[in-house]
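Trainee: Could you take me through the cavity in this one, and then show me what the pockets look like alongside it?

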Amino acid sequence: MSESIQSDRQGGVLSGETVVTADFDNPTAVLERALLLREIVSAQTEKLPEGHIFLVVINIADTNHYDDIIRTFGYKFADDLLNIRLADLLFIHKNQSFFHVGFWSIGFIYRSRTAGEANSVWPLLNDALAKPLICRGIPISITAGIGVCDLMKSPIAAEDLLQATYLAGQAGAASPTGWAECNYDHAHDHRRAFTLISDVSNAMITPGEFKLAYQARATLRTGKADAVEALLRWHHPALGRITPDEFIPLVEATGLIRDLTFWVLSYAISQAAKWHADNHKVKICVKISTKNLAEDDFVNRIAALLELHKFNPEFLELEFSERRSFANPSIARSRLLELRAMGVNISIDDFATGKDSFRTLANIPANFLKIDRRIIKFLPDNLRYQALVRSIIHMAHEMDMLVVAEGVETFAVQEMLQAWNCDFAEGYLINWPMPADAFISWFNETYPRE
Ligand code: C2E
Ligand code: CA
């Protein structure tokens, strides 16, 4: 396989290189991924006295670019483009076998005769991938990435290796050299993600694994906390404490977010109903995913929960992050309007960190706006952020929305927000997220009943 790669570059052409041009009627055969996995397994057991065997994955372009090409030019054009690029790569060996890894990702096995040889090949591959690409007379600009993995040093399963090398290809696209070595931590991360996702359903029915922590929201005018945010906590039996920032995005990528959001809503509403029965009339704020707004029965299930606990909808606030897009914005909007009509409050969370903040603000029927803590943290010494937050508060008030500032950690920031007529503050200055019992003790101590 390495017969042609051994030779030196001469005048930009490898000696012994077969010059190949793309033949659209006889495209380079690209074999199935299953066959590549078989090759990886057999290569892992091979022993070369001096050389090395590598798995190489080339991401011809990122998947968004692939989608753009399909949308604009169609599949045939995309196939032709791939074929041209593969012809550029045949300098490795004129009979090089390529395997499909993804739409525009191809993999192959490369055997080097010495350890140093491989390091001279990756830059050549990068040069080939950086060549101007012209398909049917149209110049196309794409950025490729190369992922490489030394199979003789990699004891992990073939499928994990392929995934990790594919991810190395993505890292390669962002690197100045165009290539990156496989990082086994990626394979580890993916196995961990898989374990977490597999264990979510069980955690929902195992007492004590999922719990809610509660964090107060203070009314800036009075200083009194009359709302509380429910935040999910997971104590995994084998992996310990898992932060919501790690597991929520994984769950959101699956259908399990439907059950998990409902789990949180059930516990939070049931807890708030108990507090109300005890004459603590706090509002409960629960996070939902924009994915939940695509569920046909989402509104009915919430109505049923409120009915079950005889809970006044005006004491429920549903917040969703503006950083996540809606599968169908008009359906999401109509579900939110139904919820608003029932009396449920709607809050736009993480405001000013998404790509479409103004469109969200103009179109989503929310009555609360939460300014993200990643904006609030700049307030102490950044005049531009101060102007931005003042303007957001003003803009939201013009739209009859109330404003919550998240991540308030100092009195100085709280005073600024008060001076700018911000309505509410959340953050460690007020309290930390804590279990229900600790929360109510803190509440009784901080705001003794008259
Ligand atoms: P988020 O919606 O921005 O939630 C607020 C996060 O900021 C919480 O982290 C909270 O502990 C933290 N925080 C509160 N006050 C301060 C402060 O003064 N300074 C700083 N630096 N941080 C503060 P947590 O609980 O780890 O949650 C992280 C994210 O996980 C949340 O961000 C939210 O996106 C997600 N999440 C948490 N619980 C749920 C849930 O039940 N459902 C859904 N869908 N997402 C959740
Ligand atoms: Ca937030």
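Mentor: Sure, and let's start with the word itself: a cavity here is a set of grid points where a 1.4 Å probe fits but cannot get out, and a residue counts as lining if it has an atom within 4 Å of a point. Keep in mind that this is a predicted model. Searching the whole structure turns up 1 cavity of 30 Å³ or more, and the space inside the largest cavity comes to about 30 Å³. Its lining is made of T290, L293, A294, F326, A327, N328, I331 and A332. Sorted by class, that's 6 nonpolar and 2 polar residues, with no charged ones.

Now the pockets. The second largest pocket holds about 420 Å³ of space. It has 17 lining residues, and R324, S325, F326, D356 and T360 are the closest to its centre. So you'll meet F326 again here, after seeing it in the cavity lining. Two or more residues of this pocket's lining come from each of β15, α10 (329-342) and α11 (357-363). The class split is 4 nonpolar, 6 polar and 7 charged.

Then there's the largest pocket, with a volume of about 1,300 Å³. Its lining runs to 48 residues, and the closest to the centre are L231, P244, D245, K287 and R373. Among the elements that each supply at least two lining residues are β11 (210-219), β12 (225-236), α7 (244-252) and α8 (257-277). β15 (316-321) is another of them, and you've just seen β15 at the second largest pocket too. By class, the largest pocket's lining has 21 nonpolar, 9 polar and 18 charged residues.

Methods:
Residues numbered from 1 in each chain as written. Chains lettered and ligands numbered in written order. Predicted model: local features only at pLDDT ≥ 70, side-chain atom pairs only at ≥ 80, totals over all residues. Heavy atoms only, no water. 1 Å grid on protein atoms, 1.4 Å probe; cavity = no way out; pocket = protein on both sides within 12 Å on 5 of 7 lines; lining within 4 Å. Points joined across faces, edges and corners; volume = space filled by probe spheres on them. Helix = DSSP H or I, 4+ residues; strand = E, 2+ residues; numbered from the N terminus. Nonpolar A, V, L, I, M, F, W, Y, C, P; charged D, E, K, R; others polar.
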